[in-house]
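Reader: I should be grateful for a close examination of one part of this structure, followed by an account of how its surroundings are arranged.

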Amino acid sequence: MALTSESTTLWIGDLASGSGTISLDSSEAAEFPVTWAGRTTGETGRTNPEELLGAAHASCFSMQFSSLLAKAGTPPTSLQVTAAVTFDPSQGGILGSHLLVSAQVDGISEDDFQKLATEAKETCPVSHALAGITITLEASLA
């Protein structure tokens with residue numbers, strides 16, 4: 001069964017001086033302030049599309065990697081995944097997503113761990129959605 005999730009942004013003003021609010025409508029889990037400065041200079045207390053995209057990529061990868069590890073008979077004790085999404089408006093926008101993974105997985109070899117991490121990167125649905133950008137991976141066993 002397909003599930004459609006919704007978010008809404010209310011933006012007031014122009015790009016440079018305006019601001020908005022992003023609401024996670026489907027889950028009602030949060031509402032975030034957003035500004036152009038938050039997107040281009042990392043203004044504290046404001047989110048941006050790239051941070052939200054990173055959250056989506058990190059959580060999707062975590063689920064996919066967890067599933068692959070379990071299917072291989074080595075379910076993870078824990079996975080910590082950071083997705084660092086780079087944005088540069090002068091170079092056309094979103095340039096890439098770097099997945100940084102630290103995992104506790106008992107009974108797995110380094111080679112099998114790296115193979116499954118790469119497979120998770122390549123098969124996670126958000127990675128598929130990001131096919132137009134470079135996705136890199138750095139995975140280590142803790």
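Is C124 buried or exposed? Please begin there and then describe the residues and strands around this part of the model.

Author: The model is a predicted one, and the description below should be read accordingly. C124 is buried, since its relative accessible area is 0%, which falls under the 20% cut-off. A second cysteine, C60, also counts as buried, because its relative accessibility of 12% is under 20%. A disulfide is a covalent bond between the sulfur atoms of two cysteines. Searching the whole structure for disulfides gives zero.

A partner of C124 is H57, which lies in helix α2, the stretch of residues 49-71. Once neighbours within four places in sequence are set aside, H57 is in contact with C124 and also with A83, S97, L99, V126, S127, L130 and I135. H57 has a relative accessible area of 0%, and it is therefore buried.

Several of these contacts lead to the paired strands. A83 is among the contacts of H57, and strand β4 covers residues 78-88. S97 and L99 are further contacts of H57, and strand β5 covers residues 93-104. Strands β4 and β5 run antiparallel and are joined by eleven bridges. Within this pair, D88 is placed opposite G93 of β5. The hairpin that β4 and β5 form has four residues between the strands, and G92 there adopts a positive phi near 100°.

I135 is also in contact with H57, and strand β6 comprises residues 134-141. The pairing of β5 with β6 is parallel and consists of eight bridges. In this pairing, H98 faces T136 of β6. Strands of a sheet pair through backbone hydrogen bonds, either parallel or antiparallel.

A further sheet deserves mention. This open sheet is formed by three strands in the order β1-β2-β3, with antiparallel pairing. The edges are occupied by β1 (7-12) and β3 (31-35); each has a single partner strand, so one side of each lacks a neighbour in the sheet. On average, neighbouring strands of this sheet are turned by 20° against each other, direction ignored. Between β1 and β2, the latter spanning residues 19-24, there are six bridges, and the two strands run antiparallel. S7 is found opposite L24 of β2.

To return to the part requested, C124 is buried at a relative accessible area of 0%, and its contact H57 is likewise buried at 0%.

Definitions and conventions
Residues numbered from 1 in each chain as written. Predicted model: local features only at pLDDT ≥ 70, side-chain atom pairs only at ≥ 80, totals over all residues. Heavy atoms only, no water. Disulfide = S-S within 2.5 Å. Buried < 20%, exposed > 50% of the residue type's maximum accessible area, 1.4 Å probe, protein only. Contact = heavy atoms within 4.5 Å. Pairing = 2+ DSSP bridges. Axes fitted to C-alpha atoms, helices over the stretch in contact; angles between N-to-C directions.
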